[in-house]
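Q: I'm new to this one. Can you walk me through it?
A: Yes, here it is.
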Amino acid sequence: MTATPATRPRLIATDLDGTLLRSDGTVSARTQAALALAEDAGISIVFVTGRPPRWLESLAEHTGRHGVAICSNGGAVYDVRRKELVETSPLRVEDSLAVVTALRAELPEVAFGIEYPGGFSHEPGYRSMLDWSPANRIASVEELLGGAEGGTVFKLLAQVPGMDPDEMLRRACGAAGDLAEITRSSPLLEIGARGVTKATALARWCAEKGIAADEVVAFGDMPNDLPMLAWAGRGYAMANAHPAVLGSCTLRAGDHDRDGVAEVIEALVAGAQG
């Protein structure tokens, strides 16, 4: 059963895939209307996603006034309307290389990709998730990290074909969890700089606006959302969420294919106005 917020927050922070977006990647008319309703009520909207900035351009027509997105699990902040990268939190090259070494030892079939302000590059054995996301370069990750883009990487990606994603995450965290932030929102490992998560990036953004954690309502569905859901005053797990997320949150939103986020927003605004 979906819980109804008791008071209106100042900010709604929502994940995209599996949360705000339906399974086909679209934003429903009801959800668009709910976001507009929240903003009309004076509530700010921030997208907080594992997606890289380049994957957000397709959503620009749906963002309305809410054009800020915290991307790559906190590694980048992007202005969706202006298509402008605002800031990044890159990994140190030595940390990236240490993670690569540790994961190659633990997961010998691992292949890597890198996200950086100039785009996306990957190793020959890495398979891009989407055909419309071509690589800038294809080379060994050691060569990529040794190039000009190496010091600007804000997300390191890793995949092991055929391995259970949760098992891959467990083993990766055991092998390199002290070197970087390692999580997932898909079958890929998503690796960011130490201390950089959705929660830390959102907390910094809120602090700049004078918004406290207890004034934030957050929505998410995957392990990369856990820090944000724990930090926010009210963290909602989607009905379709990963078991680890469902187990960590007492508040629930409906399924993402049934406008679960919109349902909570509508109740939240109605409750504040009632």
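A: A word on classes before the pocket: Ala, Val, Leu, Ile, Met, Phe, Trp, Tyr, Cys and Pro count as nonpolar, Asp, Glu, Lys and Arg as charged, and the others, Gly among them, as polar.
Q: And what is the class make-up of the lining of the second largest pocket?
A: Six nonpolar, seven polar and four charged residues. This is a predicted model, where local features need pLDDT of at least 70 and side-chain atom pairs count only at pLDDT 80 or more, while totals for chains, interfaces and linings use all residues. Residues are numbered from 1 along each chain as its sequence is written, and side-chain values use heavy atoms, without hydrogens and water.
Q: What counts as a pocket, and as its lining?
A: On a 1 Å grid over the protein atoms alone, a pocket is an open set of points where a 1.4 Å probe fits, with protein on both sides within 12 Å along at least five of seven lines; lining residues have an atom within 4 Å of a point.
Q: Which residues lie nearest the centre of the second largest pocket?
A: Asn73, Glu181, Thr183, Val196 and Thr197, out of 17 lining residues. Strand 10 and strand 11 each give two or more residues to that lining; strands are DSSP runs of E, at least two residues, and helices are runs of H or I, at least four, numbered from the N terminus.
Q: New topic: in what order do the strands of the open sheet come?
A: 8-7-6-9-11-10, with mixed pairing. Two strands pair if DSSP finds at least two bridges between them. Strand 8 (137-138) and strand 10 (181-183) are the edges, each pairing on one side only.
Q: How many bridges join strand 9 to strand 11?
A: Three, and the two strands run antiparallel. Leucine 156 stands opposite isoleucine 191 in strand 11.
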